[in-house]
Amino acid sequence: MPEQRSRATILAAGVVLLGSGIALGALLANKSAPYDDAFITLRYARNFAEGHGFVYNQGETVLGTSSPLYGLTLGVLPRVTGADPLLFANWVSALALAVAGWYAFRLIATD
């Protein structure tokens, strides 16, 4: 019985890791711009990174993003490094996906 459970745990963990790897690869391979709310957050981040302030349109100080902390994070990193905020958004999402996969693995692997 313990051997069967161990085999099932390994199989389940393999499925979780394979699924996470495929999703991670697809996420990193996607170079297109996101839509809707993500686009708004990225515009706030890009304006902040370029020194125009945390605004959607220059000169209009209205908070219109639903995730201001994430937008500021995506704005600060490119401001320091000079990279594109979309690149950091993809890497932050990939990291979050990897962490979720790891926790799913740990949840399955524990007896």
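**Notes on a four-helix chain**

1. R46 counts as partly exposed, at 34% relative accessibility. The scale runs as follows: buried is under 20% relative accessible area, exposed is over 50%, and partly exposed lies in between, using a 1.4 Å probe and protein chains only. The model is predicted: local features need pLDDT of at least 70, side-chain atom pairs count only at pLDDT 80 or more, and totals for chains, interfaces and linings use all residues. Residues are numbered from 1 along each chain as its sequence is written, and side-chain values use heavy atoms, with hydrogens and water left out.

2. What does R46 pair with? Its side chain meets that of D84 in a salt bridge, 2.3 Å from N to O. The two partners come from distant parts of the chain, 38 residues apart: R46 belongs to helix α2, D84 to the loop between α3 and α4. D84 is also partly exposed, because its relative accessibility is 33%. A salt bridge here means a side-chain nitrogen of Lys or Arg within 4 Å of a carboxyl oxygen of Asp or Glu. A search of the whole structure turns up one such bridge. Side chains of opposite charge can pair when their charged atoms come close.

3. Now the overall layout. The chain has four helices and zero strands. In sequence order the pattern is α-α-α-α. Helices (H or I, at least four residues) and strands (E, at least two) are DSSP runs, numbered from the N terminus. Of the 111 residues, 22% are buried. Among contacts with a separation of 6 or more, 58% join residues 24 or more positions apart. Contact means heavy atoms within 4.5 Å.

4. Next, a threonine pair. T65 sits in the loop between α2 (37-49) and α3 (68-81), while T41 is in helix α2. Their side chains make a polar contact at 3.0 Å. The term covers N or O atoms within 3.5 Å; within protein, one must be able to donate a hydrogen and the other to accept it, and residues adjacent in sequence count only if both atoms are side-chain atoms. A polar atom of the T65 side chain also lies 3.3 Å from the backbone nitrogen of S67.

5. Are these threonines buried or exposed? T65 is buried because its relative accessible area is 8%. T41 is buried too, at 3%. Leaving aside neighbours within four places in sequence, T65 is in contact with I40, T41, Y44 and F54. On the same basis, T41 touches T65, S67, Y70 and G71.

6. How many aromatic pairs does a search of the whole structure find? There are three. In the pair formed by Y44 and F54, the ring centres are 5.1 Å apart and the planes stand at 55 degrees, so this pair is tilted. It links distant parts of the chain, ten residues apart: Y44 in helix α2, F54 in the loop between α2 and α3. Y44 is buried at 2% relative accessible area, whereas F54 is partly exposed at 21%.

7. F54 also pairs with F48. Their centres lie 6.3 Å apart with planes at 80 degrees, so the pair is edge-to-face. F48 is buried, at 18% relative accessible area. For Phe, Tyr and Trp (its six-membered ring), rings pair if their centres lie within 6.5 Å; planes under 30 degrees apart are stacked, over 60 edge-to-face, and the rest tilted. Ring pairs join Y44, F48, F54 and Y56 into a cluster.

8. Two arginines lie over rings of this cluster. The charged end of R43 sits over Y56, 4.1 Å from the ring centre. R79 lies over the face of F48, at 5.1 Å from the ring centre. The criterion is NZ of Lys or CZ of Arg within 6 Å of the ring centre and within 35 degrees of the ring normal.

9. Which residues make up the largest nonpolar core? There are six: L42, A45, L74, L86, F88 and A89. Helices α2 and α4 each supply at least two of them. The largest share, three residues, comes from α4. Such a core is a set of buried Ala, Val, Leu, Ile, Met, Phe, Trp, Tyr and Cys residues joined through side-chain atoms within 4.5 Å. Not counting residues up to four places away in sequence, A89 touches L42, Y70 and L74.

10. Last, R106 in helix α4 (residues 85-109). R106 is partly exposed because its relative accessible area is 39%. Its C-alpha atom is 8.3 Å from that of A13, 93 residues away along the chain.
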